[in-house]
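Trainee: I would like a close look at how the helices pack in this model. Please take me through the contacts one pair at a time, and then say what surrounds them.

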Amino acid sequence: MTLESGTVTLEPDLVTRHPLTLAADPGRVIAKLFLPGEEGGEVHSRAAGIVARVLALTDGEVTGLVAALLDRFEPRHRDYQGTLARHAAIVAPRVRAPTELSPSRTLLLGACFTAEYAVEGAAVTNPSAVAHPDQSGLPAGALRLVLSLRAVGEGHLSSIGFAVGVIGPGPTVRLESRTGPLTTGLAVPVAWERGRLRALLADHGLDDEVTRSVLDALDALEGSPVGGDLEQAFARMPADLLRRPQAAGILAGIRSVAGTLRKVEFPADSALAQRVLWPTVASESQGMEDARFVRFTAPDGTVDYRATYTAYDGTDVAPRLLTSPNLRMFTTSPLTGQAARNKGMALFPRLVGGRHLALCRSDGETTGLTASEDGLVWEPFRPVHEPRATFELIQVGNCGSPIETSAGWLVLTHGVGPMRTYTVGAILLDLEDPSIVVAALPEPLLTPTATEAEGYVPNVVYSCGGLVHDGRLWLPYGIGDSRVSMASVPVEALLARMTPRA
């Protein structure tokens, strides 16, 4: 492999860094379930003792405590009392019958098993940008956009948040207010399509006689969702299979995989910036990272929003898919196939050659191209752009979904060089055959400046996706994995700066 000449200090003078900073706001909090002791890995639950102490309080003590809680916390949370009631119900089995809790004591019990969590307590970073579904009330030449954000809180736990901005007319940008209580919406299981579940189980190594028996039973139980008839399928299994030593583990694995499809709905009256996509399945229990959103246009002209993001369970990472018709209702599902086994997948905004395409980095250091018939099961990747320039000595990957231009697919890249310095570059792929690199920017588009070098993770500028509006590429980017800013560049000038790839 031959490295191309380049430098991490040269940056095109055509880039405009806009005086905009979106910083982490520790006041953006959610009320999450809190089970004392579990956060420290204790073996025995402390819930019974807490319940007993709440029950021992006098009615007057309870009334005073609840009044203070509502005065302090209710303005900070949507449906605060409903949240406390739901958390109280989780530990209600520890209340000895026939004890009946008053409404106030129920709220107090719930508050003992609830904690505020600052979703941006540590950082906000790695944005992507798409056009907002609502473009009303704007002057000519302006575009309302949605910024997806990686919000990082205590324990480095990541969730997906949003901000709303307006670009234009001309080279101007502003952010709208992000005030108001946050909501994590309501997460519910979704019915599986039989063939999809079968493929996913096989991808998890579940292709044995026990699994086949369950799937056969599911096929026989037509007319009801998988989530509703899975237990019925288990009950139909032959007793001889259930007696196998491996059976219990296999059934647990099937149940776990079947629970990885989720739908999250947010209240219709919630603002987009108040919505937080919070981990709902085991594979993302330690974080949902780096969502790369794209506005996807189907062959029939219908449009929806899609994003790949990295699910992290504390040990392993895996890409997952978000789909949404309106950024209020989201379906999150696993991706399978050899290309869907690492971080940084980015979807193309439409079919190419009748197939779904995505960029990936399956080997950890090379930008590759993968294809899929359904957008869920992905083929092995083909290398497209390996580390070539000196600012890519360590690795190279994408900075979001390809952007279609008349000259080709514009792909923003991130290169990692010496001292783990992240820069943003660009390559151009052929419109008809995106496995062909037509041209590349010979130097970084963005390099950390002196004021951008410090942060939660030093020497990093990084984006999960930009968009083109009115002839300009608008690129939101994270700085030091701690805050977000915005840059823009005329598209034609950027393309003219690129050099053909031999």
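Mentor: In this predicted model, helix H2 (residues 59–73) and helix H4 (residues 103–112) have axes that come within 9 Å and cross at roughly 60°. That angle makes H2 oblique to H4. The crossing of the two is left-handed. On the H2 side the contact is made by Asp59, Val62, Leu65, Val66 and Leu69, which meet Ser104, Arg105, Leu107, Leu108 and Ala111 of H4. By class, the residues of this contact divide into 7 nonpolar, 1 polar and 2 charged.

Next comes helix H9 (residues 247–258), which packs with helix H5 (residues 194–203): their axes come within 10 Å and cross at roughly 125°. H5 and H9 are therefore oblique to each other. Their crossing is right-handed. Leu197, Leu200 and Leu201 of H5 meet Ile254, Val257 and Ala258 of H9. The contact of H5 with H9 has 6 nonpolar residues, no polar and no charged ones.

H9 also packs against helix H6 (residues 209–220), at an angle of about 50° and with the axes 9 Å apart. That makes H6 oblique to H9. H6 passes H9 in a right-handed crossing. From H6 the contact takes Val210, Thr211 and Val214, and from H9 it takes Ala247, Ile250, Leu251 and Ile254. Sorted by class, the contact of H6 with H9 has 6 nonpolar residues, 1 polar and no charged. Ile254 of H9 appears in the contact with H5 and again in the contact with H6.

Now for the sheets. One open sheet has 4 strands in the order S4-S5-S6-S7, with antiparallel pairing. Its edge strands are strand S4 (123–131) and strand S7 (173–175), each of which pairs on one side only. On average, and with direction ignored, neighbouring strands of this sheet are turned by 35° against each other. Within the sheet, strand S5 (residues 143–152) and strand S6 (residues 158–167) pair in the antiparallel sense over 10 bridges. One position to find on screen is Val146, whose bridge partner in S6 is Val164.

Another open sheet of 4 strands has the order S15-S16-S17-S19, and its pairing is antiparallel. Strand S15 (346–347) and strand S19 (382–385) stand at the edges with a single partner strand each, so one side of each has no neighbour in the sheet. S15 is joined to strand S16 (residues 356–360) by 2 bridges, and the two strands run antiparallel. Ala346 has Leu359 as its bridge partner in S16.

Last, the confidence of the prediction. The chain averages a pLDDT of 91, and 94% of the residues score at least 70. Residues 1–10 should be read with that scale in mind: pLDDT stays under 50 over this stretch, for which the model has 23 contacts beyond four places in sequence.

Terms used
Residues numbered from 1 in each chain as written. Predicted model: local features only at pLDDT ≥ 70, side-chain atom pairs only at ≥ 80, totals over all residues. Heavy atoms only, no water. Pairing = 2+ DSSP bridges. Axes fitted to C-alpha atoms, helices over the stretch in contact; angles between N-to-C directions. Parallel < 35°, antiparallel > 145°, perpendicular 65-115°, else oblique. Left-handed = near helix turned anticlockwise from the far one by under 90°. Contact = heavy atoms within 4.5 Å. Nonpolar A, V, L, I, M, F, W, Y, C, P; charged D, E, K, R; others polar. pLDDT = per-residue confidence, 0-100.
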